[in-house]
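Reader: I've got this one open on my screen and I'd like a close look at one spot near the start of the chain. Could you begin there and then walk me onward from it?

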Amino acid sequence: MGYRTNQCQSCGQFGHNRRGCPQIKEAHARVERLAEKYGIIRSEDERAYASTSWIERINEAAQIVDADEDAVQYRDRWHWQEIEERKIAQAAKNKRGRKCGFCDERGHNARTCESKKQHRKDCDAMRGLAHRVVAACLKKAGIVPGALMRKREWNYQTNDYYQQMCMVTGIDWSAIAEPGYDVPGGSPRHLDSWFKGAFIWVRMPNGDEGKMRLPQDIEQQSRYNYYEKESESWGLVSGVPNGNINEDRGWKGNNETLLSPDAGGVYHYGNQGGEYPRMQDEDLEPEIDRLVNQVSEWRDY
């Protein structure tokens, strides 16, 4: 069964919208014909602001010759004014020229914007850096395929919680440092955000798969996200130190493109001026610094 769509808000008919309404167009054309018939000329001000006051002169001229059928009613005035206002707005827009929805500069659009093209390259390069940094941390922590983790589940038979064991099957890299290509501030440049969210794929004993977050007490992460108390909800049971990281599932770590100066560098919450170590595991600092400085730099903002 088909559905009627696109109902006109003016005449109520289906198949067109207000902008394409035949009744509005006909009302506008009629006013223009009557103005030509009676020799009514609009002033510059009346043309500039789509004023309808001049239409009264049409009615006065029609009354003189007893042509009541040429009288312009208020509804036709409004329809004429609606189309004239659209024309004025479009003329002003054409005069200004195209404005880019990304950089706000005129003369081009977002599709051809050079700034957006560079921004996209920087986003991809920053994401590649984030994947290499997180990979270095997970590898030292032993959270790689084959590691054993736990998560708290509810047992409906015993009406109590229990710790469900699960095995790590890989890292969902597509969930780490997701870029915002369409906004100037969309580069995933915040170190702390790289370690948030569920990105660790695990498999339960029954074969079900799901994703888990990085345990809060794992030292191989940013200091801002670390919390020394072990969580009852999830955690690492047995890692695989220096094991192999999976390079699939959205891995972009092979992108070692140098970031442009406009990319902003890598930012870390609560570490303005480098007063504190960025990583909870301070032994990781030299390696993380090397990875960052290889393609970018640290920024305090």
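Author: Let's start with N17: leaving aside neighbours within four places in sequence, N17 is in contact with N6 and C8. Keep in mind that this is a predicted model. N17 sits in the segment before α1. Is N17 buried or exposed, or does it count as something in between? Its relative accessibility is 37%, and anything between 20% and 50% counts as partly exposed, so N17 gets the label partly exposed. One more handle on this spot is T5, which is 12 residues away from N17 along the chain, with 9.6 Å between the two C-alpha atoms.

Carry on along the chain and you come to α1, which spans residues 22–37. Helix α1 packs on α4 (residues 74–96), with the axes 8 Å apart and an angle of about 95° between them. Angles from 65 to 115 degrees count as roughly perpendicular, and α1 and α4 are therefore roughly perpendicular to each other. If you want to click through the contact, the α1 side has Q23, I24, K25, A27, H28, R30, V31 and E32, and these meet D76, H79, W80, E82, I83, E84 and K87 of α4. Sorted by class, this contact has seven charged residues, five nonpolar ones and three polar ones.

Both of those helices turn up again around α3, residues 55–64. The buried residues of α3 are I55, I58, N59, A61 and A62. Why do they end up on the same side of α3? Their arc around the axis is only 165°, and that puts them on the same side. As general background, an α-helix has 3.6 residues a turn, so residues three or four places apart point the same way. What covers the buried residues of α3 includes α1 and α4. On the other side of α3, Q63 and I64 are exposed. Just past the end of α3, D66 takes a positive phi of about 55°.

Now follow the chain beyond α4. H108 is in the loop between α4 and α5. The cut-off for buried is under 20% relative accessible area, and H108 has 19%, so H108 counts as buried. Not counting residues up to four places away in sequence, H108 touches R98, K99, C100, C103 and C113.

Next comes α5, residues 114–141, and its partner here is α6, residues 285–295. The axes of α5 and α6 come within 10 Å and cross at roughly 170°. Over 145 degrees counts as roughly antiparallel, and that makes α5 roughly antiparallel to α6. In this contact L129, R132, V133, A136 and C137 of α5 meet E287, I288, L291, V292, Q294 and V295 of α6. By class, that comes to eight nonpolar residues, two charged and one polar.

Stay with α6 for a moment. Its buried residues are E285, I288, L291, V292 and V295. Looking down the axis of α6, you'd find these buried residues within an arc of 135°, so they line one face of the helix. They pack against α5, and also against β6 (266–267) and β7 (298–299).

That leaves the sheet. It is open and has five strands in the order β4-β3-β2-β1-β5, with antiparallel pairing. The edges are β4 (209–213) and β5 (234–238); each has a single partner strand, so one side of each is left without a neighbour in the sheet. From one strand to the next, the twist averages 50°.

Going in from the β5 edge, β5 pairs antiparallel with β1 (residues 148–155) over four bridges, and R150 stands opposite G235 there. Further across, β2 (residues 160–171) and β3 (residues 198–203) run antiparallel and are joined by four bridges. V168 has V202 of β3 as its bridge partner. Then β3 and β4, again antiparallel, are joined by five bridges, with W201 partnered to K211 of β4. The hairpin of β3 and β4 has five residues between the strands, and there G207 takes a positive phi near 95°.

Methods:
Residues numbered from 1 in each chain as written. Predicted model: local features only at pLDDT ≥ 70, side-chain atom pairs only at ≥ 80, totals over all residues. Heavy atoms only, no water. Axes fitted to C-alpha atoms, helices over the stretch in contact; angles between N-to-C directions. Helix = DSSP H or I, 4+ residues; strand = E, 2+ residues; numbered from the N terminus. Parallel < 35°, antiparallel > 145°, perpendicular 65-115°, else oblique. Contact = heavy atoms within 4.5 Å. Nonpolar A, V, L, I, M, F, W, Y, C, P; charged D, E, K, R; others polar. Pairing = 2+ DSSP bridges. Buried < 20%, exposed > 50% of the residue type's maximum accessible area, 1.4 Å probe, protein only. Arc of directions from axis to C-beta.
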